[in-house]
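Visitor: Please show me the model. Then I will ask how each label is earned.

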Amino acid sequence: MSRISAAITATGAYVPEFVLTNSMLEKMVDTSDEWILTRTGIKERRILKDEGKGSSFLAINAAKNLITKNSIDPRTIDLVIVATATPDMKAASTASFTATQIGAINAFSFDMDSACSGFLFGMSTAASYIESGKYSKVLLIGADKMSSIVNYKDRETCIIFGDGAGAALFERNDEGLGLIDEYLKTDGNGREFLQATYGGSSYKITPEVLLKGGQFAFQEGKTVFKNAVFNMANATSKIMERNNLRKDDIQWLAPHQANKRIINAIAERMGLKAEKVMMNIKKYGNTTSATLPLLLSDYESRLKKGDTVIFTAFGGGFSWGSIYLKWAYTQNQKN
Ligand code: UT7
């Protein structure tokens, strides 16, 4: 009897209409299009401008895109997980609102937060529910309205982040396709270098905090950069080694989109040519929990059944890891 594995069977995506370009940022902070493009690979990012709309708005639209594109009855979904670092509110999950709004009336739901690794860790969670045989359809959504925690006076963070959401449906697979292996890690010593501090239960927002912009995300870019390269390269090499994967066995690398130079460094260490590396950072920037599913949606038409895809991410916490997945369908051959 073959093992039950959990495969991605559909994807969806949503980005808001408003485009924040590098030339617009030149007018907001002391930066230049040339600096941003050469140091990060980002040209523009999307921003959700509508007052009162948060990450659930992005998540709902990404899920609806997946549901419509694939003619899925939302009442058949068992579980909705929303990976987000920017939930609509502190309590009452973004996922429960999202599930109801998309008509997943028979599902239970919850949020997961592991900053930029949220979707990666969510893949492991979604897959485990399927592999256990408990549930048949798990919808994982990565959604972040990063503009809600970005300080548009801080040139080291505001140039990087954007808003967006992506979704992936996990279902049982009996052909040995889907999630094969994972290597996931966290290290709380990294927390001080990348965080949105105030507003949490240990760090109260006060008028003094607001004056200093303490409600916004902060990062020590250089430290994050070095740790991101080291740890993502280490995680992917662990996955390659223990699954006897050589560079020629890998069709795609799906890396978190935080900086083109980080992505290139990892690909180089894995020995992968640029054409095997999924990249859309130029148009979306770093959308935190949404980078991986936005890649899947953008590359879906090029992915083929049986392709080996290596995912990797790094983010606040620190948190990072790598997942080895065998892609389960060819889009134009889907029934
Ligand atoms: O998803 C996980 C979250 N974040 C990340 O993964 C981000 C990781 N870090 C990075 O991507 C990069 O560290 C940054 C893009 C944030 C910064 O790039 P860098 O190449 O590490 O620049 P740097 O911090 O070493 O700064 C080099 C220079 C400095 O000027 P001086 O001291 O050499 O005169 C900075 O002040 O560039 C300056 N600088 C800028 N100049 C123009 C920093 N930000 C900017 C900017 N525009 N936006």
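Guide: This is a predicted model. Start with Gln219: a polar atom of its side chain lies 3.0 Å from a nitrogen atom of the ligand.

Visitor: What makes the pair between Gln219 and the ligand a polar contact?

Guide: The cut-off is 3.5 Å between N or O atoms. The Gln219 pair is at 3.0 Å, so it is a polar contact. Lys222 has a polar side-chain atom 2.4 Å from an oxygen atom of the ligand. For His256, a side-chain N or O atom is 2.9 Å from a ligand oxygen atom. Taken alone, the ligand exposes 940 Å², and the protein buries 75% of that.

Visitor: Which elements give two or more residues to the shell around the ligand?

Guide: They are α2 (33–40), α6 (155–158), α8 and α9 (260–270). α8 gives the most, with four residues. The shell divides into 10 nonpolar, seven polar and six charged residues. The ligand takes up the space of the second largest pocket.

Visitor: Why is Asn244 called exposed?

Guide: Exposed means over 50% relative accessible area. Asn244 has 67%, so it counts as exposed. Asn244 sits in the loop between α8 (221–242) and β11 (252–255).

Visitor: What is the phi of Asn244?

Guide: Asn244 has a positive phi of about 50°, although it is not a glycine. Ala92 also has a positive phi, near 85°. Most residues other than glycine have a negative phi.

Visitor: How do you know whether the peptide bond from Gly317 to Phe318 is cis or trans?

Guide: Look at omega: it is near -15°, and the bond is cis. Most peptide bonds are trans. Phe318 lies in the loop between β12 (308–315) and β13 (319–326).

Conventions. Residues are numbered from 1 along each chain as its sequence is written. This is a predicted model: local features need pLDDT of at least 70, side-chain atom pairs count only at pLDDT 80 or more; totals for chains, interfaces and linings use all residues. Side-chain values use heavy atoms; hydrogens and water are left out. Buried means under 20% relative accessible area, exposed over 50%, partly exposed in between (1.4 Å probe, protein chains only). A polar contact is a pair of N or O atoms within 3.5 Å; within protein, one must be able to donate a hydrogen and the other to accept it, and residues adjacent in sequence count only if both atoms are side-chain atoms. Accessible areas come from the Shrake-Rupley method with a 1.4 Å probe; for residues, only the protein chains shown count as cover. On a 1 Å grid over the protein atoms alone, a cavity is a set of points where a 1.4 Å probe fits but cannot get out, and a pocket is an open set with protein on both sides within 12 Å along at least five of seven lines; lining residues have an atom within 4 Å of a point. A molecule sits in a cavity or pocket if more than half of its atoms lie within 2 Å of its grid points. Ala, Val, Leu, Ile, Met, Phe, Trp, Tyr, Cys and Pro count as nonpolar, Asp, Glu, Lys and Arg as charged, and the others, Gly among them, as polar.
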